[in-house]
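Subject: Handing over a structure, with notes

Dear colleague,

I am passing on a structure for you to look through at your own pace. Please open it first, and then read the notes below alongside it.

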Amino acid sequence: MSDDLVFDYRYGFKVPENYVFKSRKGLDKKLVAEISYIKKEPKWMTQFRLNAYDVFVKKQMPNWGADLTAINFDDIYYYIKPTDNTVSSWEDLPKEIKETYDRIGVPEAEKNFLAGVSAQYESEVVYKSIQKELDKIGVVFLDMDSGLREHPEIVRKYFGKLVPPADNKFAALNSAVWSGGSFLYVPKGVKVTLPLQAYFRINAERFGQFERTLIIAEEGSYVHYIEGCLLAGEKIITDQGIKNIEAIKPKDFVFTHQGRYEKVKAVMIRKYQGEIYKITPLSALNSITLTKEHPVLAIKREKVLTKRKPRNSWLPEVNTKRLIQEKPEFIPVSELKKGDFVIFPKIKDDSKKINFEFSDEEMELIGFYLAEGSAYYHKQLNQYVVTFSFSSKEKENIKKVIDLIEKIINKKANLQIIKEKNEARIQVYSKTLYDLLVENCYRHSDEKKLSELVLNQKKEKLEKLFWAYFKGDGNLSIKKNSSGSKSYLYRLSTASSILAYQIQMILNNLGIFASLRLRKGGEDKILDRNIKRKDQYIISFTKPKKWSEIRETEDYFIVPIKKIEKEFYQGEVFNLEVKNDNSYLAKGIALHNCTAPIYTTSSLHSAVVEIFVKKGARVRYTTVQNWSHNVYNLVTKRAKVEEEGVMEWIDCNIGSYVTMKYPSCVLTGRGARGEVLSIAYAAKNQHQDAGAKMLHLAPETSSRIISKSISRDGGRTSYRGLVYVAPNAKNSKVYVSCDAMLIDERSRSDTYPTMKIKNRQVEVQHEATVEKIGEEKLFYLQSRGIKKAEAEGLLVNGFIEPVTKEIPLEYTVELNRLINLEMEGSVG
Amino acid sequence: MISLKNLSVSVGEKKILKNINFNFEKNKVYALMGPNGSGKSTLASIIVGHPSYTVEEGKIFFENDDITELDVDERAKKGIFLSFQQPLSLSGVTVFQLLRLALSGKKDPLKVKEEIDFYAKKLKIKKELIERSLNDGASGGEKKKLEVLQAALLEPKFLILDEVDTGVDVDALKTIALFLDEFKKDKTVLIITHYYRILKYLQPDYVMVMIDGEIKKVGDKTLAEKIEKEGYEVIS
């Protein structure tokens with residue numbers, strides 16, 4: 001029966017008009033043919049699948065390694081058509097997975113992806129812009145289905161050649177029912193420095209449980225993974241005011257591009273070496289510095305131009321209406337130019353946590369205090385003193401402040417006029433007033449800043465504060481424009497940088513975009529007296545708004561970029577991972593945050609990865625696997641490495657019920673090099689059977705295997721390695737190191753190293769250790785105030801450090817975090 | 001600051017401390033001396049909360065709170081610090097990582113970094129040593145310096161220095177001792193030592209002598225001089 005179907009299909013499978021594929025459990029030949037039909041694949045692929053199905057049926061289950069007897073092949077969905085995806089929401093996922101990912105913070109986009117809710121999300125924009133870059137240099141980076149559709153000849157040449165269906169039962173299964181995965185082709189001599197991450201791929205196309213990945217790196221090419229982060233010192237808006245990015249901690253709340261506060265899931269620090277970009281918007285002090293691929297919420301000028309030709313050497317003119325209507329996108333900073341626009345989201349009252357209200361008078365007095373106040377404790381008198389100093393001409397302000405004081409503390413302040421200085425000094429002894437002012441704005445002029453309590457007041461209250469402050473410290477200049485109408489320039493200056501940013505935030509809250517710049521201090525001469533001037537931060541804005549260069553919508557200000565500078569940087573960079581909105585504001589500018597891992601709910605994951613590393617090419621493939629604890633993760637990964645080529649597998653296994661995975665390098669050319677760095681972590685009911693295979697088939701080849709495994713709470717890890725050195729592979733080098741760490745007595749670790757060395761001119765080094773996590777080390781760390789679970793995490797992360805230091809940041813952080821979470825979860 | 005009430009401690013079957021009653025006054029410097037195996041380090045360990053030691057009887061109070069049952073890390077959070085006699089090396093863990101975690105929520109990571117650099121300079125600790133795994137390939141003196149550096153960042157109220165002067169060369173001892181002399185202000189310090197030389201710098205207010213798990217004598221610093229010259233026989 002099923003043979004007829006195949007026959008029919010090959011010559012034009014007769015399908016009724018209203019044919020609908022129904023997802024069903026179990027596997028037969030008909031399903032295999034149907035998958036191929038739905039995907040409109042070429043005949044050779046259909047045949048390949050059907051042959052593979054036959055192999056799958058005939059092949060025995062592996063009788064070594066982990067226990068796979070519980071797999072029921074009839075109880076699995078092998079193909080789910082995207083349109084009738086059965087998981088309809090995040091809520092339907094297993095509780096355990098949801099909790100884990102809620103804790104480490106999965107971007108909303110991926111949640112949606114996972115849930116099959118195909119929403120419009122920002123990362124698609126990022127993906128597209130990267131895709132464009134890749135197109136330019138001839139790199140093909142597609143999901144495997146599209147790869148087959150668009151590049152059938154390349155796929156046919158390589159697909160299944162390195163891992164044929166007959167390799168093992170699960171490779172055969174994957175070959176029969178594969179769906180999704182990546183196709184990456186790097187042409188000769190092309191070095192890809194752009195971030196190529198699974199994350200982007202997922203967003204672009206479905207990710208399946210039987211995914212198939214094919215990478216071809218032509219002669220002399222290079223592919224690797226990187227990601228984007230911020231430099232230290234960037235000012236981030238949080239619910240506790242403005243903080244430096246490096247001072248932000250997980251669980252802090254930061255302001256996002258959606259105009260609300262969201263929780264920080266993680267703070268990432270990594271070493272960076274490469275280009276960084278400094279964007280300076282109209283407001284010079286709001287310049288930010290980013291690593292080159294960091295996405296910034298922006299609008300490209302070229303999208304919103306008028307039809308008029310640019311005048312002189314000016315930038316082409318912008319159509320304001322179009323600018324306001326254009327939807328901002330997350331664009332990598334390296335693609336932004338002078339004249340493009342960045343987005344400053346508006347801060348709105350409903351995003352604030354107002355848990356205490358100041359009176360109008362208090363807010364106004366705080367405003368005056370910011371401008372002219374000081375406070376101290378008088379020791380001899382045992383009195384708290386608050387002083388305001390005005391010029392004796394500022395009669396209105398003087399009266400106002402005395403009034404305010406009286407209203408707040410019901411006490412008349414003392415006014416003293418110092419004639420020779422033209423100074424009016426208002427002084428009052430009051431602990432209440434002292435506390436109000438010092439607690440909410442600090443003491444000295446260069447360190448004045450507002451408390452969180454004040455910043456979280458309602459708009460009307462902040463308005464009171466601002467105008468009082470302006471009366472004290474501001475100045476207004478009027479400018480007549482050519483058309484005869486007037487514009488007003490409001491200006492304020494302060495010695496406190498934090499206060500300057502806070503005032504900018506308050507003005508934002510009042511619907512006003514103020515720009516900030518710095519007036520450098522230094523030596524100066526006034527009336528023949530040498531004085532030292534402090535740095536002054538100048539806050540300014542123009543009214544009416546049409547005379548300003550800033551445009552706005554209901555939700556954000558659109559601010560032109562005045563300058564973009566590029567430089568080389570070496571040092572630490574920071575990034576945040578933020579819940580829900582995946583963004584945060586650095587000095588008011590909206591940025592996209594970091595990325596997160598891959599997961600699924602299925603019970604069998606069986607992927608195949610084939611990589612062709614041509615002469616002198618180099619490929620690095622990094623995986624951090626954190627499958628749910630009911631998944632059999634059975635993956636075949638193999639690379640063929642030609643002359644002088646380099647293949648690096650970095651493979652970290654934390655999740656799953658059972659993993660069997662042994663990334664391999666077939667070193668076929670002289671001088672080829674293969675490397676596997678792996679981490680396995682097994683907790684309760686988990687078995688990680690992982691390792692590596694290195695086949696030296698040519699002279700002067702070298703391989704390095706570093707395996708680190710951790711077992712706890714009854715978990716089991718096995719290292720299974722094979723190194724084969726052929727008789728002709730003279731002068732080859734082999735290095736194998738496998739270290740196991742046991743956290744408790746119940747856990748288990750085994751090592752199965754196999755070495756088949758067929759010639760004598762080979763240098764072989766093999767090291768293996770097993771250690772128990774020491775009580776004394778834990779005690780030592782705990783005695784420093786670190787909780788036991790955190791101490792274990794620190795020691796485990798220290799143990800795997802030789803591998804993690806080789807991994808791109810997002811994975812390292814992910815890994816450390818996951819391990820810390822696992823540790824935490826297992827205590828108590 | 002810390003008071004020990006009828007404290008008896010054993011490890012396994014062996015009773016090590018016998019009915020100790022002692023009150024450490026706030027901001028005083030104590031020297032604890034005594035022959036090897038007399039129970040000095042046990043006293044340090046039990047105050048910090050080492051899990052291998054069992055309190056058979058009695059209680060430990062810290063600022064009037066009973067901490068006898070408290071976990072090690074919670075005692076540390078209250079302000080008790082032990083500079084270990086033999087600090088362990090921790091592979092893959094730098095002093096920065098350790099202190100960042102220990103101080104998370106209290107000090108910004110960048111501040112932690114700055115302070116580490118500052119104190120490392122003051123204590124003459126080589127830069128490579130700070131960047132390497134903690135105590136990895138460090139000499140005796142360097143290890144002790146790294147202990148003191150951790151104390152400097154953690155700012156404890158009660159500082160126990162368990163033989164901070166053993167395995168340390170003359171120059172390192174001087175550096176450590178001068179640093180501690182400045183650092184001891186506003187802290188209660190318990191120095192466990194066999195030698196008088198460090199006490200010359202640190203000027204203890206009290207010298208306690210422990211023999212066979214009991215505090216046999218408490219005196220001023222002249223007691224330490226006497227012991228240095230004549231040995232522990234002077235006690236009995």
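The notes below go through chain A, then a sheet in chain B, and then the contact between the chains.

Please keep in mind throughout that this is a predicted model.

Chain A

Chain A contains 21 helices and 42 strands, and of its 828 residues 48% count as buried. If you consider the contacts in chain A with a separation of 6 or more, 77% of them come from residues that are 24 or more positions apart.

One pair of helices in this chain is a useful example to study. In general, two packed helices are described by the angle between their axes and the distance between the axes. For helix α16 (residues 459-473) of chain A and helix α17 (residues 497-509) of chain A, the axes come within 9 Å and cross at roughly 130°. An angle that is neither under 35 degrees, nor over 145, nor from 65 to 115 counts as oblique, and α16(A) and α17(A) are therefore oblique to each other. Their crossing is left-handed. Where they meet, α16(A) brings A:Lys459, A:Leu462 and A:Phe466, while α17(A) brings A:Ile506, A:Leu507 and A:Asn509; by type, the residues of this contact are four nonpolar, one polar and one charged.

The sheet in chain B

In chain B, four strands form an open sheet with antiparallel pairing, in the order β2-β1-β4-β5. The edges are taken by β2 (14-24) and β5 (65-66) of chain B, and each of these has a single partner strand, so one side of each is left without a neighbour in the sheet. Strands of a sheet pair through backbone hydrogen bonds, either parallel or antiparallel. Strand β1 (residues 2-11) of chain B runs antiparallel to β2(B), and seven bridges join the two; in one of the pairings, B:Val11 has B:Lys14 in β2(B) as its bridge partner. Helix α1 (residues 40-48) of chain B packs on the sheet, where it touches β1, β2 and β4 (54-62) of chain B, and its direction makes about 70° with that of β2(B).

Where the chains meet

Between the two chains, 26 residues of chain B are in contact with 23 residues of chain A. On the chain B side, the elements that give two or more residues are α2 (72-78), α3 (95-102), α4 (109-122) and α6 (140-154) of chain B. The residues on that side of chain B divide into 15 nonpolar, eight polar and three charged.

With best wishes

Conventions: Residues numbered from 1 in each chain as written. Chains lettered and ligands numbered in written order. Predicted model: local features only at pLDDT ≥ 70, side-chain atom pairs only at ≥ 80, totals over all residues. Contact = placed C-beta atoms within 7 Å. Nonpolar A, V, L, I, M, F, W, Y, C, P; charged D, E, K, R; others polar. Pairing = 2+ DSSP bridges. Axes fitted to C-alpha atoms, helices over the stretch in contact; angles between N-to-C directions. Left-handed = near helix turned anticlockwise from the far one by under 90°. Buried ≥ 20, exposed ≤ 12 C-beta atoms within 10 Å, placed from the backbone.
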